[in-house]
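User: Let us go through this model by question and answer. Please begin with the terms and conventions.

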Amino acid sequence: YYWVKNTNAEIRAMENLIGSFNYSGTAAVASGSSYYCGTDGLWSADQLAGNTAIASVTATADTTVGHYTKDGGNFSEMFILVNMSHPEDGSSDTVTVAFDGGYTSAIVYIDGEATLYQLSGGVCTVTIPSGEGVVVLPVA
């Protein structure tokens, strides 16, 4: 019940943001590498790097990267990063995303709260608890 209650609160806090984007695709990042699974409809590494603002992703746990787009406005791409570990295992996932295109900062939503991250060389690193996710909007 606790997880569902918290997830619902997080979704409500971000529903207008998430609802303004269109789903584009998902890539799976294997633990400890930048390998992307390319089966069963998941994007390959080339599709993720070739069609999004992301140049590369590494993670310390199995992770999914959801990609969303919209036309116009200040943000054209949004990413949802999810630690695929079981919520009860208590592990964390350090995800490092390298963005293309001169991005200098990112707005990162953790638990429904926005935080501005300053990027060094277009790189954003976030730590995600097991079973949790974050929303990332790169800012040029």
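Analyst: A residue is called buried under 20% relative accessible area, exposed over 50% and partly exposed in between, with a 1.4 Å probe and protein chains only. The model is predicted, with local features requiring pLDDT of at least 70 and side-chain atom pairs pLDDT 80 or more, while totals for chains, interfaces and linings use all residues. Numbering starts from 1 along each chain as its sequence is written, and side-chain values rest on heavy atoms, without hydrogens or water.

User: How many aromatic pairs does a search of the whole structure find?

Analyst: Rings of Phe, Tyr and Trp (its six-membered ring) pair when their centres lie within 6.5 Å; planes under 30 degrees apart are stacked, over 60 edge-to-face, and the rest tilted. With these cut-offs, the number of aromatic pairs found in the whole structure is 3.

User: Which kind of pair do the rings of Tyr 23 and Tyr 68 make?

Analyst: The centres of the Tyr 23 and Tyr 68 rings are 5.5 Å apart. Their planes stand at 65 degrees, so the Tyr 23 and Tyr 68 pair is edge-to-face.

User: How many residues apart in sequence are the parts that Tyr 23 and Tyr 68 tie together?

Analyst: Strands (E, at least two residues) and helices (H or I, at least four) are DSSP runs, numbered from the N terminus. Tyr 23 belongs to strand β1 (residues 22–29), and Tyr 68 to strand β4 (residues 63–69). The ring pair therefore joins parts whose separation in sequence, in residues, is 45.

User: Is Tyr 68 buried or exposed?

Analyst: Its ring partner Tyr 23 has 52% relative accessibility and so counts as exposed. Tyr 68 has a relative accessible area of 18%, so this residue counts as buried.

User: Which kind of pair do Phe 79 and Phe 99 form?

Analyst: The ring centres of Phe 79 and Phe 99 are 5.9 Å apart. Since their planes lie at 50 degrees, the Phe 79 and Phe 99 pair is tilted.

User: In which strands do Phe 79 and Phe 99 lie?

Analyst: This pair links distant parts of the chain, 20 residues apart. Phe 79 is in strand β5 (residues 77–83), and Phe 99 (residues 92–99 form its strand) is in β6.

User: What is the relative accessible area of Phe 79?

Analyst: Phe 99 is buried, at 7% relative accessible area. Phe 79 is buried as well, and its relative accessible area is 1%.

User: Which residue joins Phe 79 and Phe 99 in a cluster?

Analyst: Ring pairs make a cluster that holds Phe 79 and Phe 99. The further residue linked into this cluster is Tyr 103.

User: Which strands are the edges of the open sheet that contains β6?

Analyst: Two strands pair if DSSP finds at least two bridges between them. The open sheet has 3 strands in the order β3-β6-β9, with antiparallel pairing. The strands that pair on one side only are β3 (54–59) and β9 (123–129).

User: Which residue in β9 stands opposite Ser 92?

Analyst: The antiparallel pairing of β6 with β9 runs over 7 bridges. Within β9, the residue opposite Ser 92 is Pro 129.

User: How far apart in space are Phe 99 and Gly 122, C-alpha to C-alpha?

Analyst: Phe 99 is a residue of strand β6. In sequence, 23 residues separate Phe 99 from Gly 122. The C-alpha to C-alpha distance between Phe 99 and Gly 122 is 5.2 Å.

User: What is the bridge partner of Ile 107 in β8?

Analyst: Strand β7 (residues 105–110) pairs with β8 in the antiparallel sense over 6 bridges. In β8, the partner of Ile 107 is Leu 116.

User: What is the count of buried residues in strand β8?

Analyst: Strand β8 covers residues 113–118 and has 6 residues. This strand is hardly covered, and its count of buried residues is 0.

User: Which residue in the turn between β7 and β8 has a positive phi?

Analyst: β7 and β8 make a hairpin with 2 residues between them. The residue in question sits in the loop between β7 and β8 and is not a glycine, although its phi is positive, about 55 degrees. This turn residue is Asp 111.

User: What is the C-alpha to C-alpha distance between Ala 140 and Ala 106?

Analyst: Ala 140 lies in the segment after β10 and, at 71% relative accessibility, is exposed. Ala 140 and Ala 106 are 34 residues apart in sequence. Their C-alpha to C-alpha distance is 8.4 Å.
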